[in-house]
Each structure stands twice: as C-alpha cells, then as structure tokens.
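Trainee: I would like to learn how to read helix packing and salt bridges in a model. Can we work through one case together?

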Amino acid sequence: DSRRKTGDFHNAQKEYKKARKLYEQSISLNPFNYKAMIAYAALPRQPEAGEEFKSARYLDRALQLNPDSAFACFLKSKLLFKKNHYLGAYYYAAVARGKNRLITNYNVWYKFMQENLTRAMKKQKQNSWSSTEEKLK
C-alpha cells in the first residue's frame, strides 16, 4: 500500500505527524492492513492527543489479524508496562521473545521484565494500597 510506504518514509525522516496521518489513511482504506497498524503504534506518542488509546486499539487489531507478529507483541508489552499492567507486559514480552529469539531488543526486554516483575508488582500493590487508604480517609 503506497500510503503506508510513504508513511514509512516520513517516519524515517522523523516527520511523525505526516507519517501518522498517512498510516491512518492507509488503515481507513484497508482495515486489514496490520503493517500500517503496527507502524502507527510504533510512532512516538503524545498522550494528550489520545494517541496512546489509538495505538493500543491498533495493536489489538493487528494482533488479531496477525498473531505471529513478534514486533506487535513487543510493542504491546511496552505499552502495557507503561500502563502498569505488569503481568500482561511480561506475557507479551515472553511471546515476542518466543517468536523471534534472534532480535536482541526482545531478549533484553524479556530479561528486564523477568528480573523486575516482582519488584514492579510490589510497587503496584503499594500504590493500590495507598490509594485505597486515601479513599477511606
């Protein structure tokens, strides 16, 4: 699809707004274009613009269309980790690593998740306890 390829070009030039627009056009023309969905999700996001929600939605659709995409699993893991969903992040990190062990980033991310999962879950538990205590006051 030419719009996705043009979006890839703009992404390489760090023209993210143009790339984002082209990926969205590509997806609207072909709702089964999982490559454009993954490319959109991989772009740097601006949370105030609601792009994180779109990225998550596109990643979910891309994984439904192509569950064998290691890169989509890797991105999903990173997105879940950012949202403090550590168990889901660990799961997708393991899936990405299992699908392609040759990619160094997948291995490094998986080991990071494996080593820090317990610590992160303790932090999440403390945050939930402190917010519960605040609500009770």
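Trainee: Is D60 buried, partly exposed or exposed?

Mentor: Keep in mind that this is a predicted model. Burial is read from relative accessible area, and D60 has a value of 33%, so it counts as partly exposed.

Trainee: Which residue does the side chain of D60 meet in a salt bridge?

Mentor: The partner is K76, with 2.4 Å from N to O. This pair joins distant parts of the chain, since D60 belongs to helix 4 and K76 to helix 5, 16 residues apart. K76 has a relative accessible area of 9%, so it is buried. The bridge between D60 and K76 thus has a partly exposed acid and a buried base.

Trainee: How many salt bridges does the structure hold?

Mentor: There are four. Another of them is formed by K54 and E24, whose side chains come to 2.5 Å, N to O. Here too distant parts of the chain are linked: K54 sits in helix 4 and E24 in helix 2, 30 residues apart. K54 is partly exposed at 27% relative accessibility, and E24 is partly exposed as well, at 25%.

Trainee: Where do R4 and D8 lie, and how many residues apart are they?

Mentor: Both are in helix 1, residues 2-12, and four residues separate them, which is about one turn of the helix. R4 and D8 form a salt bridge in which the closest N and O atoms are 3.0 Å apart. R4 is buried, with 15% relative accessible area, while D8 is partly exposed at 29%.

Trainee: Let us step back to the whole chain. How many helices and strands does the protein chain have?

Mentor: It has seven helices and zero strands. Read from the N terminus, the order of elements is α-α-α-α-α-α-α. The protein chain has 137 residues, of which 36% count as buried. Among contacts with a separation of 6 or more, 48% come from residues 24 or more positions apart.

Trainee: How should I describe two helices that pack?

Mentor: Two packed helices are described by the angle between their axes and by the distance between those axes. Take helix 5, residues 70-82, and helix 6, residues 86-99: the angle is about 160° and the axes are 8 Å apart. Helix 5 is therefore roughly antiparallel to helix 6. The crossing of helix 5 with helix 6 is left-handed.

Trainee: Which residues make that contact between helix 5 and helix 6?

Mentor: From helix 5 they are A70, C73, F74, K76, S77, L80 and F81, and from helix 6 they are Y86, G88, A89, Y92, A93, V95, A96 and K99. By class, the contact of helix 5 with helix 6 has eleven nonpolar, two polar and two charged residues. K76, already met as the partner of D60, is one of the helix 5 residues in this contact.

Trainee: What are the crossing angle and the axis distance for helix 4 and helix 5?

Mentor: Their axes come within 10 Å and cross at roughly 145°. Helix 4 passes helix 5 in a left-handed crossing. On the helix 4 side the contact uses E52, A56, L59, D60 and L63, and on the helix 5 side A72, C73, L75, K76, L79 and K82. These divide into seven nonpolar, no polar and four charged residues. D60 and K76 are both in that list, and they are the pair joined by the salt bridge at 2.4 Å.

Trainee: And why are helix 2 and helix 3 called roughly antiparallel?

Mentor: Their axes, for residues 16-29 and 34-42, cross at roughly 155° and come within 9 Å. Angles over 145 degrees count as roughly antiparallel, so helix 2 and helix 3 are given that description. Helix 2 passes helix 3 in a left-handed crossing. R20, Y23, E24, S26 and I27 of helix 2 meet A36, M37, A39 and Y40 of helix 3. That contact divides into six nonpolar, one polar and two charged residues.

Trainee: Which residues does R61 touch, leaving out those up to four places away in sequence?

Mentor: R61, which lies in helix 4, touches I27, P31 and M37. I27 and M37 also belong to the contact of helix 2 with helix 3. The C-alpha atoms of R61 and Y34 are 7.4 Å apart, with their positions 27 residues apart along the chain. R61 is partly exposed, at 27% relative accessible area.

Key. Residues are numbered from 1 along each chain as its sequence is written. This is a predicted model: local features need pLDDT of at least 70, side-chain atom pairs count only at pLDDT 80 or more; totals for chains, interfaces and linings use all residues. Side-chain values use heavy atoms; hydrogens and water are left out. Axes are lines fitted to C-alpha atoms, for helices over the stretch in contact, and angles run from 0 to 180 degrees between N-to-C directions. Helices (H or I, at least four residues) and strands (E, at least two) are DSSP runs, numbered from the N terminus. Angles under 35 degrees count as roughly parallel, over 145 as roughly antiparallel, 65 to 115 as roughly perpendicular and the rest as oblique. A crossing is left-handed if the near helix is turned anticlockwise from the far one by less than a right angle, and right-handed if clockwise. Contact means heavy atoms within 4.5 Å. Ala, Val, Leu, Ile, Met, Phe, Trp, Tyr, Cys and Pro count as nonpolar, Asp, Glu, Lys and Arg as charged, and the others, Gly among them, as polar. Buried means under 20% relative accessible area, exposed over 50%, partly exposed in between (1.4 Å probe, protein chains only).
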